[in-house]
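Biologist: I am new to this structure and would like a close look at a single part of it. Please take the place where the ligand sits, and then the contact around that place.

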Amino acid sequence: MEPNIRKDTQPAFSMRGITKIFGAVVANEAVDFEVLPGEIHALLGENGSGKSTLMNVLSGIYRPDEGQIEVNGEIKDFRSPGDAIDSGIGMIHQHFKLAEAMTATDNIVAGMKKPPKNSIKKDDVLRANILRYASRSPSKTHPKINEFSSRFGIEFDPSIPASQLSVSQKQSVEIIKVLLRGANILILDEPTAVLTPQEAKKLFTVLRKMASQGCAIVFISHKLNEIMTLCDRVTVLRKGKSIETCNVSDIDAYDLVEKMVGRKINLSINKPDPDPKKQVCLEVKGLTYSDSKAVPKLDNLSFTTHYGEILGVAGLAGGGQKELCESIAGIIRPQQGEIMVDEERITGLSPRDITQKGVAMCFIPEDRLGMGLVASMGIDENILLKEYALTKGPLIRMKDVETKAEKIIKELDIKTPGLKHPVRMLSGGNIQKVILGREIHLNPKLMIAAYAVRGLDIHSSYTIYNLLNEQKQKNVSVLYIGEDLDVLIDLCDRIMVLCQGKNMGIVDSSATTKEEIGQMMSGTTLEELRRGVSYV
Amino acid sequence: MIGDFFSATGSLLSIVFSASFIASAIAFSVVMLFGTVGELITERAGHLNLGVEGMMLLGASMGYFAAVRSSSLFLAILFACVGAGFGALLYAILTVTLRVNQNVAGLALSIFGAGLANSLGSKVSNTSTPDNIAKIFKLKPFSLSSPSGPFLTFINKAFLSHNIYVYVAVLVAVVATVFLFKTRAGLELRLTGENTAAADASGIKVTRIKYFYIILGGMLCGIGGLYLPLVQQGSWTSNMTAGQGWLVVALVIFVRWHPIKAIAGAYVFGSLTILGFSVQLNERLSSIPIFNQYIMSMFPYLLTVVVLIAFSFRKKAWPGPKEIGRPYFREER
Ligand SMILES: Nc1ncnc2c1ncn2[C@@H]1O[C@H](COP(=O)(O)OP(=O)(O)OP(=O)(O)O)[C@@H](O)[C@H]1O
Ligand SMILES: [Mg+2]
């Protein structure tokens, strides 16, 4: 497919020589970046390379220390996000900016400017209508907002509070919010990190439609295959500097990774053999759980994990993965069933006691915030949070913790000016590495890693896979909950497929295919599948 | 023993439901109603201003000073606004621009405001409200001239025989409600208090909004305070708000940040505050130990504690504007 962009057109915006410094951190250094109208342009770089910072500069949230922004050929000096909106720039942030207690409509409408009076443009009339009733009688605006969103194939209920929307619906609200403000430059900061593959596909259709209408789109993602299929051009950032811009059709994934990291790296998982002794670590028997609204989440779930093995868990979003993790970690109490570690019952114990029994969990929630870190503390103190329960005596040995923190920073290549730097200031991906590192260093018997690579760059993702494999070689039993089926097959020894809280069967990863897992994810049990095969 | 209990309860009820008690409770709630609406608007912008007491006193002293020196009601109200608005402006500079801790700034304003107000007030402490102004508030614009029947007489005495200040207070609460929930500006204010970063990113001028509503809220507190020397008492006494500014802070929570509920809330608090006096005048009740003046003055606070506990059981209840207490800086994360 030829990209529908013309090289001779004026860029929708161009940023030149942008430098942004936060205290000791140079987040952007003389970055050049421009995007043409009608183009989907990927911004690629490792965690902490300054992608979000650059886009926050463009959308008026950060004031650059140096550099110049032009929109449609005009030099701009954005003093506030409002100025950027007035120039047609709209950003969907990595962490959504919505008031949870307010309805989708309120979130969308608040701060919208009146369109010029007597304008007969279709959009302006619609906007004026939405604004007229927005606060007086919201029920009249809901159909208008639906009308507007359906134009892009987007659907959500505008009348319910944002807190009750799913993550992908929240994203839809954000998109409609900026589109209704007349944005024709759209920035999406890791929009797919929180979406299921199906939701991502839908988003891509929306984005293509908008690009075909002349929108300039900046798309930030760590998933190379998405960039390869969706985008026209890609700009690579490394350590805050812009390295190169090229057509996606002229480059392959390996070159991109090399440009991102600055050297050739090996992107393969070498899978060590599982421990042949098959000694049972975790045993789950008949686990059943319904949430407070009596919606069944886990349905008579049974399985075992072995020491020195990685058991993968596949399933559609909301298939009970979260509840499974939380039951094991003692955060929720299942109504029925037993969980044993080393033949010892842990059901009913407190999360802290369970940690002491050697269970460590790293769960990256969809919104990736509130992940069990104290934002204003440094890496060292955050490690201490878990560590202190396992040390003896009333005193804390800060030296040990600091050594450990330094080790984790080095091993996971966490980008931070120092171990006392508040984790809140780190980039999204780096915050995540802190959690993972902390859990691994508890030396657990059972390591639960749920969505551990959500939002991580490719290099870091592979670092994590290798770390999990190292754990396996140390005879730890690993439970890996993931979304990417290719990775599940490459990384895990066995894969359990969940569908609506039921165990559809456990397959050997060396003897299965993505298709087989896909069918099980949508509700066919392994038994039925095998029977079906034998009938043919 | 049991008979005593019933007769005591009976006397209490007959006090509480008498037209004169209701009328004085209403009159007594004016200060708190203005204050509550003012503080509520401030909190809706995400700022807890503990300086209500100080702002009330500033408004009262400045306004009363202007009234005495100029005999002009307009100037009295204007200066009440200027005085309290000035206090609120200081608070806004500290908390919005300099991002000082809101509690500290509010407490400082309370102490500073009271000090300044008392020294200014002492200059007019021996004068009473000028006659031409006092006359305006002697009028009872809605009072019926000859109510027929006991019901109308009761209504007339309890609700219709008030001066214009009282009705303006109620009107302010109604207008604030409509503004907050039915206008776009109100929506922008609420979004700012719920999630300042979201409001900022939506193109709302959050700094301007915060300054505006903090100062407006302060002015309402000042107008409330002015009622005390100008109308209720007719002269100045130092520290005359006597803790009502603190009750207001509790009232805002009590009414769940809803101005219309503030009307009822201020009434309840107002009546609890004067119940002590009324009970004292009643021989039967004043002999019972729990109707001791000091215990009675505790009731509004006790009620606040009870209400807060009750709300904490309702897990789904909205806990108030999320941004309260959090300084906002756009480039921070
Ligand atoms: N507001 C801020 N205050 C302090 N430091 C910041 C701030 N914003 C960004 N940084 C620092 O700037 C660097 C770049 O961060 P940025 O969020 O732009 O990275 P990113 O490329 O978006 O990474 P990720 O893929 O993890 O989201 C990081 O080292 C981060 O710690
Ligand atoms: Mg980012």
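Modeller: The model is a predicted one, and the ligand is a good place to begin. Ligand 1 is surrounded by 22 residues, and the closest are Ser52(A), Thr53(A), Met425(A), Gly429(A) and Glu331(B). That list names residues of both chains, and ligand 1 does lie between chains A and B.

Three side chains of chain A can be described in terms of their distance to ligand oxygen atoms. For Ser52(A), an N or O atom of the side chain is 2.7 Å from an oxygen atom of ligand 1. For Lys51(A), the corresponding distance from a side-chain N or O atom to an oxygen atom of ligand 1 is 2.8 Å. Glu190(A) has a polar side-chain atom 3.2 Å from an oxygen atom of ligand 1. On its own, ligand 1 has 640 Å² of accessible area, and the protein covers 97% of that.

Now the contact between the chains. Chain A contributes 34 residues to it and chain B contributes 24 residues. The two chains bury about 2,400 Å² between them, with 52% of that area on carbon and sulfur atoms. On the side of chain B, the residues that lose the most area to chain A are Arg184(B), Glu331(B) and Arg333(B), which together make up 31% of what that side buries. Glu331(B) was already named among the residues closest to ligand 1.

Specific pairs also cross this interface. The rule finds 2 salt bridges between chain B and chain A. One joins the side chains of Glu332(B) and Arg424(A), at 3.2 Å from N to O. Polar contacts across the interface amount to 8 residue pairs. In chain B, the helices α8 (164-182), α9 (184-194) and α10 (196-201) each supply at least two residues of the side that touches chain A. The largest share of that side comes from α9(B), with 6 residues. By kind, the residues of chain B that touch chain A divide into 12 charged, 8 nonpolar and 4 polar.

For the wider setting, a search of the whole structure gives 33 salt bridges over all chains. Among them is a pair within chain A, where the side chains of Asp124(A) and Arg127(A) meet at 3.1 Å, N to O. Asp124(A) and Arg127(A) are separated by about one helical turn, because they are 3 residues apart in helix α4 (residues 122-134) of chain A.

Notes. Residues are numbered from 1 along each chain as its sequence is written. Chains are lettered from A and ligands numbered from 1 in the order in which they are written. This is a predicted model: local features need pLDDT of at least 70, side-chain atom pairs count only at pLDDT 80 or more; totals for chains, interfaces and linings use all residues. Side-chain values use heavy atoms; hydrogens and water are left out. Contact means heavy atoms within 4.5 Å. Buried area is the accessible area (1.4 Å probe) that two parts lose on being put together, summed over both. A salt bridge is a side-chain nitrogen of Lys or Arg within 4 Å of a carboxyl oxygen of Asp or Glu. A polar contact is a pair of N or O atoms within 3.5 Å; within protein, one must be able to donate a hydrogen and the other to accept it, and residues adjacent in sequence count only if both atoms are side-chain atoms. Helices (H or I, at least four residues) and strands (E, at least two) are DSSP runs, numbered from the N terminus. Ala, Val, Leu, Ile, Met, Phe, Trp, Tyr, Cys and Pro count as nonpolar, Asp, Glu, Lys and Arg as charged, and the others, Gly among them, as polar. A residue is near a molecule or strand if one of its heavy atoms lies within 4 Å of it. Accessible areas come from the Shrake-Rupley method with a 1.4 Å probe; for residues, only the protein chains shown count as cover.
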